[in-house]
Amino acid sequence: MTETRIFSRAAVAAPHHLAAEAGRAILAEGGNAIEAMVAMAAAVAVVYPHMNALGGDGFWLIRTPDGVVRAIEACGPAGARATIALYREKGYERIPVRGRDAALTVAGAVGGWIRALELAAGLGGRVPLRDLLAEATRLAREGAPVSRSEGRYSVKERVELLAVPGFAAHFMGEGGAQPEAGSLRRQPALAGTLAQLAHAGLEDFYRGDIGREIAADLDRAGAPVNRADLESYAARWRTPLSARIGGAALHNCPPPSQGLASLLLHGIFDRLDAPKAESLAHLHGLVEAAKRAYAIRDRIVTDFDRMIAEPAAFLTPERLAREAGAVAMDRAAEWPFAAAEGDTIWMGAIDASGLAVSFIQSLYWEYGSGLVLPATGILWQNRGIAFSLDPGALNPLEPGRRPFHTLNCPLAVFDDGRIASYGAMGGDGQPQFQAQVFFRAIRYGLSVAEALDRPRFLFGRTWGSDSATLKLENRVDPALAAALERIGHRVEIIDRPYADMFGHAGMLIRDARGRIEAGHDPRSDGGAAGL
């Protein structure tokens, strides 16, 4: 089990210990939580490439010491050449999951770093960019061990991924096998990119020498993103979505993020009668709340600028109470559920001033499109597969349009002065994993370590399965599993005690005195570090 870590001043949590250490080092240098997070974001892109990369997207929630919560939307739109007509002409019925035609959106992650560091400077941050990127650059140049998570990963659409030119040579082992955990991987081209960004500034990724090299490689590969798409991109500040539960304000990202689903799930379950942890009411209530949250999400969440309904209208106390009132605590509701896999990293940071960050960065599927840009060593995302080739769909492919995102990063501010930064990777499952950790720690009073360690569930139809089952880690009490089946859940026991499919979650809770309890998932390669 993850040990409980208590820090007196500042702390970070990350799914890889080298990323956590990069953040801790910046805090020790006098940097703030945002600066620590940028160092972590760069480092984790090097050491956890199956989950995220510079060629991916990100979202931020930042709570400043004055109590204001801000969101950064760092997700890129579809490229100018990415049209439904183009994909239909190529014979596609849906967007391919790997290769050049999957690499159809601008990478927004670095744009998010830019916006975050602007705010950090306004809060007194003074750590030079070269110091923030130094550890990531060193890890790429000198090499970093392949993580346990990457070494054991079961890759979806492996044949298609290995067929992407250059991918296997860059990331796979001999004969295209999954790389062995502990083996050293050097990424010299990526090290050069990070060094150039440290020298020229992060804007160079979009509008400088790095941007020119990215655009040239994308063009040679035949991907739909061009240089003008990169030059015109900028991450955006957004007003977070918020909901009240007893004694706290919960915050999350607005569309195209699925932050609305997370807030709905939390808000609905908070209104259900489930006084005991690991009870039938506890697990059943969370599953049923997830069903109602996803039903709303799937009806309305799309590009922020193309929304047809106001998300905040679903988060009023009256609406949450109505949704909770529709949950039957003695039977499982029927549910048609669509798969949406995702492999991602969540990280958190809180410093001595009370500046708190909840952050998420991703390629979407593991290794994204598989397209590695030769000049820069950047692995490009496949987030664009969230688009539909049906022009009448809620999220149709269209140049300049942002895809639906499973990415979201919650943050809670309590009336008693506590602040919680928490989150999880896991595609559609993210809101479920977030709520499981949150309520175990907050409603049921478990330590952060225990809340992260307890057995998890995942409701839905995941990649490769035909039905929406309730998947349980095999440490779940058999009597509880049987009780869930009796009230109509289709239970599937996953024969592993700690399985990646149940997310890599993390949590930091700062109390009113400034003490921080922090931890990261035993299912990951990470942990917490701090001062």
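In the predicted model, Leu 264, Gly 267 and Ile 268 of helix α13 make contact with Leu 320, Glu 323 and Ala 324 of helix α15. Sorted by class, the residues of this contact between α13 and α15 comprise four nonpolar, one polar and one charged. Two packed helices are described by the angle between their axes and the distance between the axes. For α13 and α15 (residues 317-325), the axes come within 8 Å and cross at roughly 70 degrees; since angles of 65 to 115 degrees count as roughly perpendicular, the two helices α13 and α15 are therefore placed in that class. The crossing of α13 and α15 is right-handed.

Helix α13 also packs against helix α16 (residues 430-442), at an angle of about 40 degrees and with the axes 9 Å apart. The pair α13 and α16 is therefore oblique, and α13 passes α16 in a right-handed crossing. On the side of α13, the residues that take part are Ala 261, Ser 262, Leu 265, His 266, Phe 269 and Asp 270, which meet Pro 431, Gln 432, Gln 434, Ala 435, Phe 438 and Phe 439 in α16. The contact of α13 with α16 is made up of seven nonpolar, four polar and one charged residues.

One sheet of the model is open and consists of seven strands in the order β1-β20-β19-β15-β14-β9-β8, paired in antiparallel fashion. Its edges are formed by β1 (5-7) and β8 (241-245), each of which has a single partner strand, so that one side of each is left without a neighbour in the sheet. From one strand to the next, the twist of this sheet averages 20 degrees. The edge strand β8 is joined to β9 (residues 248-252) by five bridges, and these two strands run antiparallel; within this pairing, Arg 244 has Ala 249 in β9 as its bridge partner. Helix α13 (residues 259-270), described above for its helix contacts, packs on this sheet as well, where it touches β8, β9 and β15 (419-424), and the direction of α13 makes about 10 degrees with that of β8.

A further open sheet of seven strands has the order β7-β4-β3-β11-β10-β2-β21, with antiparallel pairing. Here the edge positions are taken by β7 (236-238) and β21 (527-530); each has a single partner strand, so one side of each is left without a neighbour in the sheet. The twist in this case averages 15 degrees from one strand to the next. Strands β3 (residues 57-63) and β11 (residues 356-364) run antiparallel and are joined by seven bridges, with Gly 58 standing opposite Gln 361 in β11. Helix α2 (residues 33-47) packs on this sheet, touching β2 (11-14), β3, β10 (343-350) and β11, and its direction makes about 155 degrees with that of β10.

Among electrostatic contacts, a search of the whole structure finds 42 salt bridges. One of these joins the side chains of Glu 231 and Arg 227, with an N to O distance of 3.2 Å. Both Glu 231 and Arg 227 lie in helix α12 (residues 227-231), four residues apart, which corresponds to about one turn of the helix.

How values were computed. Residues numbered from 1 in each chain as written. Predicted model: local features only at pLDDT ≥ 70, side-chain atom pairs only at ≥ 80, totals over all residues. Heavy atoms only, no water. Pairing = 2+ DSSP bridges. Axes fitted to C-alpha atoms, helices over the stretch in contact; angles between N-to-C directions. Contact = heavy atoms within 4.5 Å. Parallel < 35°, antiparallel > 145°, perpendicular 65-115°, else oblique. Left-handed = near helix turned anticlockwise from the far one by under 90°. Nonpolar A, V, L, I, M, F, W, Y, C, P; charged D, E, K, R; others polar. Salt bridge = Lys/Arg side-chain N within 4 Å of Asp/Glu carboxyl O.
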